[in-house]
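Thanks for sharing this one with me. Here are a few friendly notes on its charged side-chain pairs, set out point by point.

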Amino acid sequence: MPRTLNTLVGRLALLQLLIYAVLLPALFYQLQAMIRTNAVSTFTQRARAYTASLARELELGDILESATRTIMFLDGGVEGGGCVYAAVEFNGRLLGSSVIETPAWVQSRGDDVAFFKSLDTTYAVSIPIRRDGAAGALYLGFDKQPMLAQLRSARNQIALALVAFGIATVAAAVLLARLVALPLTQLRTASRKVAQGDSTAHLSTHSKMVEIVDLSTDLEFMRSELVGTAERLRAEMRQRQIEQVERGALESQLRHEQRLATIGTFAGGLAHEFNNILVPLILYTEESLDEIGAEHPVHENLDRILKAATRAASVIYKLLAFTRPIAERQPESVDLAVVTNEALDLSHALMPPNIDLRREIGGQVERVLGDATLLSQVVLNLCSNAIHAMHDRGGTLTVRVAMRKRSPTDPLPIATPPMVELRVKDTGRGMAADIQERIFEPFFTTRDVGEGSGLGLSIVHGIVASMGGRISVVSALGAGTEFIVELPTVARAALSPEI
C-alpha cells in the first residue's frame, strides 16, 4: 500500500480525492441551495400571483353578492390552481369551497409568506379584498409536496452528478498518470539494462509527449556518452592488463637473464683455476709421450689422457659462452649426430648398469652452425642430469637427434628452413612446476651438498642461446623429464644474419 501511494498514479489519485473531499460537499450544498431558492421563489410567486388574480376578480365582479356564486368561484379556483383549500371571508361570513373541506385554522393561519415558515405540507396565502367599502380576505392553500419531491429529486441528481464527475475525473487522472508513467517505466527498464552492462539497450519510449520525448532524447544522449566512456575505459583496462602481463614477462625474463649473467663472474675465476691445474697435466703428459716410444704399453692411455685434458681445456676456455656470444672463433658447420655419438661414448662409461641407453640418431640430419666442443658439453651435461635422476631406481635414457617437425601452432613461417632437435629423455622421478622455473638459474640444484654445483644447466642454456637456439623442458612428478634443444641449421643460419 505505501508503495502504491508513492507512485505517480497513487499520488495523483490521492490528491484528487483530497480536493474532492473539500470541494464536492461545498459545491453540492451550493447547488442545492441555489436550486431550492429558485424553485421556492417560482412556487411562491406563482401561488401569490394566482391568489392575487382571484382576489381581483372578486373585487371587480359581483361574485361576492351571492353565496352560491362565491362557492362555485372557489371550486373553480381549487380545480384550476391545484389548491388544497379555498375560502373567502366577507361581511363577517366565511365561505369555503365545496370540493375540499376548508380547515378551521385558515383565518388564524393567515399568510405563510415564507415557503418553509410552516412545517406541514401546505403553503397558505392570504390576500385582503375590498368591495363597496366592505373588507374581507381570500384564503388559498397550496400543496408543497410536489415541490418538496422536486427538491429531493434535484438534490439526488446533483449528488449523482457530482459523484459521477468525481469518478470520471479521478479515472481520467489515473489514465493520464498511467500514460505518463508508462514511458517512465520503459525508461527505467532500459536504464536498468544499461546499468547491468547491456550497452545495446536504448533509452527510448513510444510516447508522443514533447516533455517525455525530450527527456528520452537527453537520456539516450547521456547513455551513448556513458557507454562510449565505459568502452574506452574497458579498452584502456584491457590494454593496461596486457601491458602488465607483458611487463611481468619482461621483468621475469630480465631477472632470469640477470641470474644467468652472474655465472660469468664466477666462470672467469673457475676457468683460471682449472687452467692452472690442466696446464701441468698437459705438459707432463706430452713430455711423457715424448720420452716413451709409440710401442710402449701405456702410450695409448697417455694419449687418451692428453686428448681428455685438451678437451677439458677447450671446455673451460668456452665456459663463458652461455652468457655471451662466442667472439674468439666463428661458428662452423657441425654434424650434431656425430658430436652426440662421441659424447655418448664418453658418458656411457659413467652409466650404472641399471640404466639402459637408447640412441635414436637419424642419418638424414642437416648440419648445424655452432661449436663441436660446446655441443659435446651440452650433451654431456644433459646426460649427466638424466643419469643422476635415475641413479637410484634405474631406467631408460633416450637420446634422439632429428629434424624438428612443424606443428599447426608453429610460430615460424612456412618458408623458414627447419631446425635440428636434440632430445634427452629419462624415466626418472621428474620435476615439479616450481622446480622447472628455476633449473636454468646459476647455482640452483636439487642435489645434496657435494653432489653438484648447479652450473650444468645454466651453462647448457648459455651455450644454446649463444648458437641462436633454444632449450625447453617437459617434466612431471613420476613421469620423467625430457630436455628439447633446438639448433638452427646451416641453411637457416644463412637466412638469419643475426645468428
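**Notes on the salt bridges**

1. Let me start with one acidic residue: E65 is exposed, its relative accessible area being 55%. Please keep in mind throughout that this is a predicted model.

2. The partner of E65 is R131, and the closest N and O atoms of this salt bridge lie 3.3 Å apart. R131 sits in strand β3 (residues 122-131) while E65 belongs to the loop between α2 (8-60) and α3 (67-81), so the bridge ties together parts that are 66 residues apart in sequence. R131 has 14% relative accessibility and therefore counts as buried, the cut-off being under 20%.

3. The E65 contact is also part of a wider arrangement: a network of salt bridges links E65, R131 and D132.

4. Another pair worth a look is D120 with R109, whose side chains form a salt bridge at 2.9 Å, N to O. Here D120 is in the loop between α4 (106-109) and β3, and R109 is in helix α4, with their positions 11 residues apart in the chain. D120 is partly exposed, at a relative accessible area of 31%.

5. Further along, E482 and R423 meet through their side chains in a salt bridge of 3.0 Å, N to O. This pair joins two strands, with E482 in β11 (residues 481-488) and R423 in β9 (residues 419-426), 59 residues apart. E482 counts as buried, at 15% relative accessibility.

6. How many salt bridges does a search of the whole structure find? The search gives 15, and the pairs E65 with R131, D120 with R109 and E482 with R423 are among them.

Conventions. Residues are numbered from 1 along each chain as its sequence is written. This is a predicted model: local features need pLDDT of at least 70, side-chain atom pairs count only at pLDDT 80 or more; totals for chains, interfaces and linings use all residues. Side-chain values use heavy atoms; hydrogens and water are left out. A salt bridge is a side-chain nitrogen of Lys or Arg within 4 Å of a carboxyl oxygen of Asp or Glu. Helices (H or I, at least four residues) and strands (E, at least two) are DSSP runs, numbered from the N terminus. Buried means under 20% relative accessible area, exposed over 50%, partly exposed in between (1.4 Å probe, protein chains only).
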